[in-house]
Amino acid sequence: MKTQATELFGIETPLFAFSHCRDVVAEATRAGGMGVLGAMTHTPQELKIDLDWIAERTGGKPFGVDVLMPASEGGEAPKLDLSILEKIPKRHFEFVESVLARHGVPDIPQDEKDALLRHFIDELAFTVEGAQRRLDVVFDHPSVKFVVSALGPAPADVVARARARGMKIGGMVGSAKHAKRHVAAGADIVIASGYEAAGHTGEVTTMILVPEIADAIAPVPVLAAGGIGRGRQLAAALALGAQGAWCGTVWLGTVESDATPEVKARLFASSAEETQRTRCNTGKPARRLSSAWVEAWNAPDAPPPLPMPLQGVLTHVALKRIERARREDLVSWAAGQVAGQLTGETTVRTIYREMLEEFSASVERLEAIVAG
Ligand SMILES: Cc1cc2nc3c(=O)[nH]c(=O)nc-3n(C[C@H](O)[C@H](O)[C@H](O)COP(=O)(O)O)c2cc1C
């Protein structure tokens with residue numbers, strides 16, 4: 001396949017794989033697409049280890065890193081320490097405890113809780129400092145060819161450092177207005193993430209968003225994200241004017257994915273309706289698997305979620321407790337409506353093969369319609 005996206009990176013297939021899991025990233029790149037490592041949950045040290053690991057397994061093929069760059073949003077960029085806890089109302093802590101108690105989630109020792117929280121705050125990715133420390137690692141790594149800025153356009157110094165190293169800059173967006181902002185800041189390619197997508201996403205569907213953004217920023221290429229997990233959807237994305245697709249949910253169900261068995265079980269059992277946009281884990285609307293935890297935050301007695309990053313600080317230890325208790329009914333991982341299409345474990349390589357086969361069949365079907 002040849003599109004602006006394959007040309008930009010010198011790859012065979014315009015299918016990009018977002019994952020926090022290095023095995024998925026390496027395998028997607030090896031399959032001829034491009035893996036992009038989400039660096040949000042990595043400490044800078046862990047990021048370096050994973051980038052080395054991926055580079056060793058991809059033989060010089062390009063891969064990317066996705067970093068939250070909140071400073072560039074133009075808003076306040078808080079420097080964080082434990083004093084942030086004082087900004088969280090007591091009512092919110094009590095509510096979280098009551099939900100865990102109601103569902104019988106075992107407690108963990110106080111010193112462990114303190115350590116988890118301290119680590120989370122120290123390593124918090126969504127601060128200017130946190131982003132900068134991760135970017136320092138990325139810019140030291142010659143195999144990274146693509147740096148993606150989520151939550152806002154990359155600042156000028158980041159663009160300059162990327163350019164100096166021959167890396168391309170991408171921007172995750174949910175509106176044409178934001179897409180233009182990323183392009184003005186120097187983005188080489190924009191990822192248009194629709195309502196169906198996992199994680200932080202806006203209210204406009206991929207079907208509406210992609211052509212709008214493709215027109216708004218032409219000739220800068222666009223990747224379509226949100227609701228793409230099979231070949232017919234890849235064909236649709238290209239028909240909408242995208243130069244490739246960027247997928248997240250579909251990789252969660254692979255053997256390479258480090259999603260826990262509980263998350264995979266919920267993913268395979270869920271319909272598209274059983275994911276929802278909620279502010280309950282991060283403070284910003286993000287699509288995740290519906291669960292008793294998410295429903296508790298939808299209930300009338302729930303306090304309103306706090307703004308980012310307070311809600312993340314509030315819920316971090318609770319989510320760890322749920323994970324440790326291996327509670328399938330309470331897990332709330334990010335997942336998109338593609339979840340409804342996933343029925344059992346597969347491999348990254350199989351997804352690439354099957355998506356391309358179905359893509360080809362779709363194109364043939366459309367050609368036959370035109371010819372007929
Ligand atoms: C588990 C998970 C975590 C995600 N975390 C991030 C993130 O940290 N940064 C980001 O830019 N996108 C994140 N995303 C969103 C993906 O980059 C992508 O836009 C989205 O998954 C595409 O839609 P799809 O889920 O329908 O494939 C995440 C997606 C998943 C499934």
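Two helices count as roughly parallel when the angle between their axes is under 35 degrees. I begin with that cut-off since the first two parts of this presentation rest on it. Please keep in mind that the model before you is a predicted one.

Let us take helix α4, residues 90-102, and helix α14, residues 310-324. Their axes cross at roughly 10° and come within 10 Å. With the crossing under the 35 degree limit, α4 and α14 are therefore roughly parallel to each other. Which residues make this contact? On the α4 side they are His92, Val96 and Leu100, and on the α14 side Leu314, Thr315, Ala318 and Arg321. Sorted by class, the contact of α4 with α14 comprises four nonpolar residues, two polar residues and one charged residue.

The second helix pair is α3, residues 44-58, with α6, residues 128-139. Here the axes lie 9 Å apart, and the packing angle is about 25°. This again makes α3 roughly parallel to α6, because the angle is under 35 degrees. As to handedness, the crossing in which α3 passes α6 is right-handed. From α3, the residues Pro44, Leu47, Lys48 and Leu51 meet Arg133, Arg134 and Val137 of α6. In this contact of α3 with α6 there are four nonpolar and three charged residues, and no polar ones.

Arg134 leads us to a further residue, Ile189. The two are 55 residues apart along the chain, and their C-alpha atoms are separated by 21 Å. Ile189 belongs to strand β6, which spans residues 189-193. Is Ile189 buried or exposed? Within 10 Å there are 25 other C-beta atoms, and a residue counts as buried at 20 or more, so Ile189 is buried. What does Ile189 touch, once neighbours within four places in sequence are left aside? Its contacts are Ala5 and Leu8, then Lys168 and Gly170, and finally Val220, Pro221 and Leu223.

I turn lastly to the ligand. Around the ligand there are 26 residues, and those that come nearest are Ala150, Ala197, Gly199, Gly248 and Gly336. Two elements, strand β9 at 244-247 and helix α11 at 249-252, give two or more residues each to this shell. Which element supplies the largest share? That is α11, with three residues. By class, the shell around the ligand holds 16 nonpolar residues, eight polar residues and two charged residues.

That concludes the presentation, and I thank you for your attention.

Note on methods:
Residues numbered from 1 in each chain as written. Predicted model: local features only at pLDDT ≥ 70, side-chain atom pairs only at ≥ 80, totals over all residues. Helix = DSSP H or I, 4+ residues; strand = E, 2+ residues; numbered from the N terminus. Buried ≥ 20, exposed ≤ 12 C-beta atoms within 10 Å, placed from the backbone. Contact = placed C-beta atoms within 7 Å. Axes fitted to C-alpha atoms, helices over the stretch in contact; angles between N-to-C directions. Parallel < 35°, antiparallel > 145°, perpendicular 65-115°, else oblique. Left-handed = near helix turned anticlockwise from the far one by under 90°. Nonpolar A, V, L, I, M, F, W, Y, C, P; charged D, E, K, R; others polar. Near = placed C-beta within 6 Å.
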